[in-house]
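Q: Please take a close look at a single part of this protein, one strand and its surroundings, and set it in the context of the whole model.

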Amino acid sequence: MIIAALFVLNCVLCTIRADPSADGDHALAWRPVSSLADDLPDLNVGALIRDDAEATARASADFGNVSVDVDVAAAVFYPSCPDDIAALLRASSARPSPFPVSARGCGHSIRGQASAPGGVVVDMPSLGRLAGGSVTRLSVSVDGRYIDAGGEQLWVDVLHACLAHGLTPRSWTDYLHLTVGGTLSNAGISGQAFRHGPQISNVQELDVITGLGETVTCSKEKEANLFDAVLGGLGQFGVITRARIPLVPAPARARWVRLLYTDAAALTKDQERLIDVDVEIGTGALAGIMDYVEGSVLADQGLAGSWRSSFFSEADAARVATLAEEAGGVLYCLEGALYYGGAAGSERDVDKKLDVLLGELRYERGFGFVQDVSYAGFLDRVRDGELKLRAASLWEVPHPWLNLFLPRSHVLDFAAGVFHGILRRGTTGAMGPVLIYPMNRNRWDGEASAVFPEEEEVFYTVGILRSSVPASSDGGQLLRRLDEQNEEIMRFCEEAEIACVQYLPYYAGQSGWEKKHFGPNKWARFVERKRKYDPKAILSRGQRIFTASLA
């Protein structure tokens, strides 16, 4: 609980220290000429600022629990309203040597991307708490078919606020306990993206506070360049304080399906048949029949399930293990859902669709598993797994995740080299799902800042979402092996000329971002936008993209 949330601003801050040895791409700390204590008490905002070790350590940690070479924040800022954030950014911008500022929602980054080394972390959830409760930061317009959601709001709360009116957003992430501003700063993907695009393709309007401390309402029709920059912009151009999300009538239930395959080619062919939703090119009875399409790789100890959900009975798990052994240790799972009830079709309709699916798809007969769940329960399915892992003290462990976008033409090369090769070696004790599913490129907006493969009509996302045991229990050996495997996977892609790009990316310095992530054209646009909206490189220094002022 936040202590003394309405305390005055004269909480004394320690003098900020910079690492004098830092230089080049690793110069993440700025060089202050005076203490923040000289400036922050004069901001005239009703916010609490803390600089004690407990607060700064907590704000500098994240879900990854992976040690990175960055300093902790000097202070944590608890805003009561968006104007507080604007005042903070104006104060930083006015200094001869601005201090870094990063917005932190749930801290679900992996390698310190939401940190503010030596600077100030903005605790975004305070906007809801200190403003008198989250209700005031979620507003559904039934007539307008949209919801205005504070950037600090959780998607699970967005879901329930909308369902109360029989409405729902169209595009989701697999895990709903993330903030609206956090996912929109990346892309926000899940099994609905093949049809509706990522979450950043499903936004009507934003309120953004730029690195200059200016509050701007933007959309495709107004301040479009800022709107496009912020969506997928990794927090580099502004802090999202409000998003207007379009809504559609909500279904009531989901028919949730998992089908097992012994062959990557059969899986991916079926997935691509299912996502072929364009009328002019859609073919066959399966085109667009599912509302959600994903897939995963089941190998060794991960055969029967993962932290994402429990699906197989003990008897089924034994059969699956036997099938995996016969297949050489690796199985593939197509995961899908068909919505019905409410504004969707009837149960009879979904039964007919399911019969078509089970007859047409090329999964291993006898290894199709179906559950019937509520629509809300399906969307929030990962939460059950999280609670189980928390109860077993296995949630707050290192998560050296690697997420990639791959061109369709190389997905089978990747499967052979990585799923049947690299991932089978030397990581006993690792746990967590490995996801693989396709998306349609034309559902993504090339004007947004998010980077994705543009050479082919279909590209795949691969999420290697493994967890390590706590580092203290094995001296960090498993974590080091997992990190080494991630590096090996990236080398494999380079040597095999697989033009992959990281999603939720991490690079040690600017050169990696420029050469490996953006490429020359997109990098030039990214820099131009940075120079316009955050010229002093105040925002999101933890991403390690910009380490010095561009002004």
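The answer below turns to strand β6 and its partners, and then to the rest of the fold.

A: This is a predicted model, in which local features need pLDDT of at least 70, side-chain atom pairs count only at pLDDT 80 or more, and totals for chains, interfaces and linings use all residues. Residues are numbered from 1 along each chain as its sequence is written, and side-chain values use heavy atoms, with hydrogens and water left out.

The protein contains 16 helices and 21 strands; these are DSSP runs, helices being H or I of at least four residues and strands E of at least two, numbered from the N terminus. Of its 551 residues, 58% are buried, where buried means under 20% relative accessible area, exposed over 50%, and partly exposed in between (1.4 Å probe, protein chains only).

Strand β6 covers residues 146-150, and 5 of the 5 are buried, so the strand is largely enclosed by the rest of the structure. In a regular strand the side chains alternate between the two faces of the sheet. In β6 both faces are covered: Ile 147 and Ala 149 are buried on one side, and Tyr 146, Asp 148 and Gly 150 on the other.

Strand β6 pairs with β5 (residues 138-141) in an antiparallel manner through 4 bridges; two strands pair if DSSP finds at least two bridges between them. Within this pair, Ser 141 is opposite Tyr 146. The hairpin of β5 and β6 has 4 residues between its strands, and Arg 145 there takes a positive phi near 60 degrees. Strand β10 (residues 238-246) is also antiparallel to β6, joined by 5 bridges. Here Tyr 146 stands opposite Pro 246.

Elsewhere, an open sheet of 8 strands follows the order β17-β12-β16-β13-β19-β20-β18-β21, with antiparallel pairing. Strands β17 (368-374) and β21 (501-503) stand at its edges with a single partner strand each, so one side of each is left without a neighbour in the sheet. Within the sheet, 6 bridges join the antiparallel strands β18 (residues 402-407) and β20 (residues 458-464), and Leu 402 has Ile 464 as its bridge partner in β20.

Helix α12 (residues 382-391) has Val 382, Gly 385, Glu 386 and Leu 389 among its buried residues. They lie on the same side of α12 because they cover an arc of only 105 degrees around the axis, the arc being that of the directions from the helix axis to the C-beta atoms. The face turned away from this buried side carries the exposed residues Lys 388 and Ala 391.
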